[in-house]
Amino acid sequence: MTDAFAVLGLDPAMNLCPVELETRYLELSREFHPDFASGESADTQAERIRRSADVNDAYRALRNPWVRAERVAEVLDPGCMERTKALPPMFLMEAMELAEEVAGRSDDARPALHAKIEADVNDYLARITQALEESRGADAAVLLHESRYFRKALHDLDDPEDF
Amino acid sequence: MSSDSEPQTVVGIDLGTTNSLAAIATPNGARVLRDRDGEALIPSVVCFPEDGDVLVGRDARARALELPSRTIHSIKRLVGRGGDDLDADMAQLPYRVKMGDRGLPRVRIDDEEYSPEEISARVLEKVKSVASEALSRDVTRAVITVPAYFDDAQRQATKHAAEIAGLECLRIVNEPTAASLAYGIDGSNDGTVLVYDLGGGTFDVSILKIHEGVFRVLATAGDTHLGGDDFDRCIADKITALLEEKADGVQELDAYALQAIRRSAESLKMQLSDADAATLAIDLGDAGEVELSITRDEFEAEILPLVERTIQCCKRAIKDAELTVTDIDDVVLVGGSTRVPLVRKAIEAVTKQAPRTDVDPDLAVALGAALQAQVLAGTDKSLLLLDVIPLSLGLETMGGVVSKLILRNATIPTSVTEEFSTQVENQSAVDINIYQGEREKTEDCRKLGAFKLRGIPPMPAGLPRIAVTFTIDADGVLRVSAKEQRTGEEAGIQVVPSFGLTESEVKRMMDESIEHAFEDMAAREGVELRNKARAMVDGTKKALAMADLPPDQTYSIKKLTKTLGKLLDDDGSSMDDIRNAVDELSSLTGQIADDVISSAVRKSLTDES
């Protein structure tokens, strides 16, 4: 995995200024976009496509707070995402119950359920951000793995037909 | 570019279903290039008279009724497509289309066969000659536009057509994106814009953010098989029905009648853009004569489902852009079919605002392409165009499921690297199947290509690590490269393109993706359940071998594992039976304190997420 922060020349941090992120992204796009390399050799163009793709992919990753958190966690504690993958069975049971609740909900129950899961998701993001600020990469990684079930539940609740 | 050479002329070309044209950027803005008669629009029609030279453009269109089976129109609908789904189209075409090699369509004139690329190349040659004459210099380089929703094969085919026509295609640009350049170039229209582009054969909608010379596409959606031709067909069907009523039975129509019906339908459609009703007496040659009267209300009732499809695309694009309707600052209409009043009404209703009227729907795409051409010619660095991939790209994984690599609406260029290995000892080749589409199963997506990794060094199974990089370049075209991680050598790759799946299937899969979401989910759940159960069987077996359990527990676990294994070996096993066996096994292993087993089970549970 390419280091998205390094590609964009930014310090790894959760609280990125969105304006700075976008400015940096556009600067680098102007520098590397293959549109500005026509007439150059095939190798140069291929290199530009590669650099430009890295810039686009890094920007997309860092714009999303969850992906950004994963990347920061990896910088703090390399390999932590993979190491913390296995979640306790108790948590998985709860997650399964939540998924069942979402699948079986009535239309009337939807707004309340939505509010509840959304609050959980926001709470996760706050705890992840705090863990990362305190350089607890592995703790953040566990929370990230757990939060995935809640994010998926929220997505399924909003958009049962979309994937 | 070498510094001593003069900057070469690069034109922008809008290669349309119905009309094509070229434009050029000048210090005073872009302008379209006109022929000696002052016409900019060149009909995308090619005529092969029995004696004499091939005609292209207005001359060809003029001969369409006289030489119906030798006059080719709407070739763009066939470009880069497989033959399988063209049956419905071909029945209505006055000219003959046959299936050639690999099931690809070929236009047949006498004993000659032409690929759609070759016919497109004829149109491009004509555009090239009009441009060269207008500029008094030889034009050899161009930016060519395609519908944003064109897939990899259609883009490749368009590049091939340019090559055949002797044009170097510097870039493929999406039509709505090009139109937005023409609209936003002067900087007075910075903001979020929705471009609705309904041409003769294709529909696109793109949402862009324009800010200080940066044109960024946020989302795009569309249908490469929906356009004015389909509106014409609604009227043509009425003419045919009238004819059958008159003759009291199904009529076998000759090429002349088909061509006459098509032309009459088009003419009636155009009249109905201004009038509330239109009448036309139609001479169908041997098939006789009919008179059709049609009101605008009747016409609108026929095309309503088609227009509704475009509106659904608009809604999806807005949602994909993570916006709401109120975020749209401007609506720009492109393509001749946006002259149909119902289309304007529908787009106005969904966006809650009147579309802009200061953009010429016929010329905007070519003008925008010319502006992008100027960037590529190296004379303009003020513009930055950031476009997206219209359809997700994925790989076939276990059980015919598509695992997505690149999601739709990702900014291009974009790339993803995936690692592959071997399954048997000394395996020297690995097959990779690539699909484009949004659905979950391979059979519902368009197969883009089968790639074969060759020259893998002989090693035990699973040991080689082949990193394969999938890159979508700035043309929206896929490039693949591979490297063996242990030796660091570029693995030789043989690329086998397949056009086995067709564009209507892409369309179908988008339509069906909503309709069949639940079926998909069930199918995916089935595959996932089987994969999970298989992992559980394997994991439990391994754990049992390591664990030191009392014989009675070992026996019950072995028995249940065996039962589950048998269920999995039988393709006909029901999901419920498998699920019950999984539940039974997991409750049993769950009771057992030995953490060797429960950790193996837990692993099999978490691996799926």
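## A first look at chains A and B

Of the 609 residues in chain B, 49% are buried. Keep in mind that this is a predicted model. In terms of secondary structure, chain B comes to 15 helices and 27 strands. What share of the contacts in chain B with a separation of 6 or more joins residues 24 or more positions apart? That share is 69%.

Chain A splits into two domains: domain 1 covers 4-63 and domain 2 covers 80-158. Their C-alpha centres lie 31 Å apart.

### Where the chains touch

Chain A puts 23 residues into the contact with chain B, and chain B puts in 25 residues. On the chain A side, α2 (18-32), α3 (42-63) and α6 (89-103) each supply at least two residues. Which of the elements of chain A gives the largest share of that side? It's α3(A), with seven residues. Sorted by class, the chain A side has nine nonpolar, six polar and eight charged residues.

### Three helix pairs

Two packed helices are described by the angle between their axes and the distance between the axes. Here are three pairs, one from chain A and two from chain B, set side by side.

| Helix pair | Angle | Axis distance |
|---|---|---|
| α7(A) (110-133) and α8(A) (137-158) | about 160° | 9 Å |
| α6(B) (228-247) and α8(B) (296-320) | about 140° | 10 Å |
| α3(B) (116-135) and α4(B) (152-164) | roughly 55° | within 8 Å |

Let's start with chain A. How do α7(A) and α8(A) run, roughly parallel or roughly antiparallel? With an angle of about 160°, and with anything over 145 counting as roughly antiparallel, these two helices are therefore roughly antiparallel to each other. Their crossing is left-handed. On the α7(A) side the contact includes L113(A), I117(A), V121(A), Y124(A) and I128(A), while the α8(A) side includes L143(A), L144(A), F150(A), L154(A) and L157(A). Charged residues take part too, among them R110(A), E118(A) and R127(A) from α7(A), and D139(A), E146(A) and R151(A) from α8(A). By class, this contact has 14 nonpolar, two polar and seven charged residues.

Over in chain B, α6(B) and α8(B) pack at about 140°. That angle isn't over 145, the cut-off for roughly antiparallel, so α6(B) and α8(B) are oblique to each other. Is the crossing of α6(B) past α8(B) left-handed or right-handed? It's right-handed. From α6(B), the residues D230(B), F231(B), C234(B) and I235(B) meet F299(B), E302(B), I303(B) and L306(B) of α8(B). That contact breaks down into six nonpolar, no polar and two charged residues.

The other chain B pair is α3(B) and α4(B), whose axes cross at roughly 55°. That makes α3(B) oblique to α4(B), and the crossing is right-handed. Which residues of α3(B) meet α4(B)? They are P116(B), E117(B), E118(B), S120(B), A121(B) and L124(B). Across from them, α4(B) brings A157(B), H160(B), A161(B), A162(B) and I164(B). The classes here are seven nonpolar, two polar and two charged residues.

Terms used:
Residues are numbered from 1 along each chain as its sequence is written. Chains are lettered from A and ligands numbered from 1 in the order in which they are written. This is a predicted model: local features need pLDDT of at least 70, side-chain atom pairs count only at pLDDT 80 or more; totals for chains, interfaces and linings use all residues. Axes are lines fitted to C-alpha atoms, for helices over the stretch in contact, and angles run from 0 to 180 degrees between N-to-C directions. Helices (H or I, at least four residues) and strands (E, at least two) are DSSP runs, numbered from the N terminus. Angles under 35 degrees count as roughly parallel, over 145 as roughly antiparallel, 65 to 115 as roughly perpendicular and the rest as oblique. A crossing is left-handed if the near helix is turned anticlockwise from the far one by less than a right angle, and right-handed if clockwise. Two residues are in contact if their C-beta atoms, placed from the backbone, lie within 7 Å. Domain bounds come from an automatic or database domain assignment. A residue is buried if 20 or more other C-beta atoms lie within 10 Å of its own, exposed if 12 or fewer, and partly exposed in between; C-beta atoms are placed from the backbone.
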